[in-house]
Amino acid sequence: MRPDWDDYFIELMNTVATRATCDRGKSGCIIVKDKQIIATGYVGSPSGLPHCDDVGHLMKQVIDDDGTVRQHCMRTIHAEQNAICQAAKHGIPLEGSTLYCKMEPCRVCAMLIISCGIKKVVAKSRYHAAEETREMFKIAGVEMRVIDDAIENYDNQ
């Protein structure tokens with residue numbers, strides 16, 4: 001059966017994620033406008049800096065508002081950030097585009113998405129800390145669709 005556009009781009013996003021250089025968060029992102037891919041990104045260190053796959057993780061302890069303690073790798077940038085940076089680096093405007101990602105964007109990614117004019121986000125799954133993202137998107141008029149209601153979890157949270 002032929003996939004609809006969202007399923008098609010989510011599957012391509014999964015392929016982009018295979019380039020990720022942090023094995024904890026194999027995440028990818030595709031930004032699309034008029035059914036054409038205009039930028040991609042994956043979880044990885046900024047250009048020229050060491051990758052988790054080569055030198056290990058740079059783990060920091062994060063405490064959620066509810067007191068939950070998690071481990072977060074700080075060596076990499078998120079797939080959404082990477083895709084937005086790639087578009088900026090090549091002078092590609094993102095106004096009115098759709099972003100496809102592995103899970104609901106974090107708060108920082110959500111602010112970048114809003115600021116660069118992306119109008120729709122399609123996430124494969126939920127993110128444990130996306131309440132602020134959902135609220136910001138609602139206020140800013142960014143449509144969000146989550147395909148699978150399951151919450152994405154990392155090893156060693």
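The largest pocket holds about 790 Å³ of space. It belongs to a predicted model. Of the 33 residues that line this pocket, His72, Cys106, Tyr127, His128 and Ala129 are the closest to its centre. Several elements build the wall. E3, E4, H3, H4 and H5 each supply at least two residues of the lining. E4 gives the largest share, four residues. By character, the lining of the largest pocket divides into 14 nonpolar, nine polar and 10 charged residues.

Look next at the strand that gives this largest share. E4 covers residues 69-73 and pairs with E3, residues 59-63. The two strands run antiparallel, and five bridges join them. One of the pairings can be picked out by name: Ile63 has Val69 in E4 as its bridge partner. Together E3 and E4 form a hairpin, with five residues between them. In that turn, Gly67 has a positive phi of about 95°.

Now move to the second largest pocket. About 220 Å³ of space lies in it. Its lining has 14 residues, and those nearest the centre are Ser45, Pro46, Ser47, Asn82 and Gln86. E2 and H3 each supply at least two residues of this lining. Here H3 gives the most, with four residues. The lining of the second largest pocket divides into four nonpolar residues, nine polar and one charged.

H3 deserves a closer look. This helix spans residues 79-89. Its buried residues are Ala79, Glu80, Gln81, Asn82, Ala83, Ile84 and Ala87. What lies over them? The cover of the buried residues of H3 includes E1, E2, E5 and H4. Past the helix comes Gly91, which follows H3 and has a positive phi near 70°.

Take one residue of the helix as an example. Ala83 is found in H3. How accessible is Ala83? Its relative accessible area is 0%, so Ala83 is buried. Leaving aside neighbours within four places in sequence, Ala83 is in contact with Cys29, Ile31, Ala39, Thr40 and Gly41. Asp23 is another matter. Asp23 and Ala83 are 60 residues apart along the chain, and their C-alpha atoms are separated by 19 Å.

From the helix, turn to the interior. In soluble globular proteins, nonpolar side chains tend to be buried together. The largest nonpolar core here has 24 residues, and Ile31, Leu99, Ile113, Ile118 and Val121 touch the most other members. Which elements supply this core? At least two residues each come from E1, H3, E5 (98-103), H4 (107-115), E6 (120-127) and H5 (131-140). H3 gives the most to this core, with four residues.

Ile113 shows how such a core residue is surrounded. Setting aside neighbours within four places in sequence, Ile113 is in contact with Ile84, Leu99, Pro105, Ile118, Val121 and Phe137. There is also a second, separate core of eight residues, with Phe9, Ile10, Tyr100 and Val122 among them.

Strand E5 offers a further buried position. Thr98 has its place in this strand. Thr98 has a relative accessible area of 15%, which is under the 20% cut-off, so Thr98 is buried. Apart from neighbours within four places in sequence, Thr98 is in contact with Ile30, Ile31, Val32, Ile118, Lys120 and Val122.

Finish at a loop. Most residues other than glycine have a negative phi, and most peptide bonds are trans. Two residues between E1 and E2 depart from that pattern of phi. Asp34 has a positive phi of about 55°, although it is not a glycine. It lies in the loop between E1 (28-33) and E2 (36-42). Lys35 is in the loop between E1 and E2 as well, and its phi is positive too, near 65°. Are these residues buried or exposed? Asp34 counts as exposed because its relative accessibility is 69%. Lys35 has a relative accessible area of 46%, so it is partly exposed.

Key. Residues are numbered from 1 along each chain as its sequence is written. This is a predicted model: local features need pLDDT of at least 70, side-chain atom pairs count only at pLDDT 80 or more; totals for chains, interfaces and linings use all residues. Side-chain values use heavy atoms; hydrogens and water are left out. Buried means under 20% relative accessible area, exposed over 50%, partly exposed in between (1.4 Å probe, protein chains only). A nonpolar core is a set of buried Ala, Val, Leu, Ile, Met, Phe, Trp, Tyr and Cys residues joined through side-chain atoms within 4.5 Å. Contact means heavy atoms within 4.5 Å. Two strands pair if DSSP finds at least two bridges between them. On a 1 Å grid over the protein atoms alone, a cavity is a set of points where a 1.4 Å probe fits but cannot get out, and a pocket is an open set with protein on both sides within 12 Å along at least five of seven lines; lining residues have an atom within 4 Å of a point. Grid points are joined across faces, edges and corners, and a volume is the space filled by probe spheres set on the points. Ala, Val, Leu, Ile, Met, Phe, Trp, Tyr, Cys and Pro count as nonpolar, Asp, Glu, Lys and Arg as charged, and the others, Gly among them, as polar.
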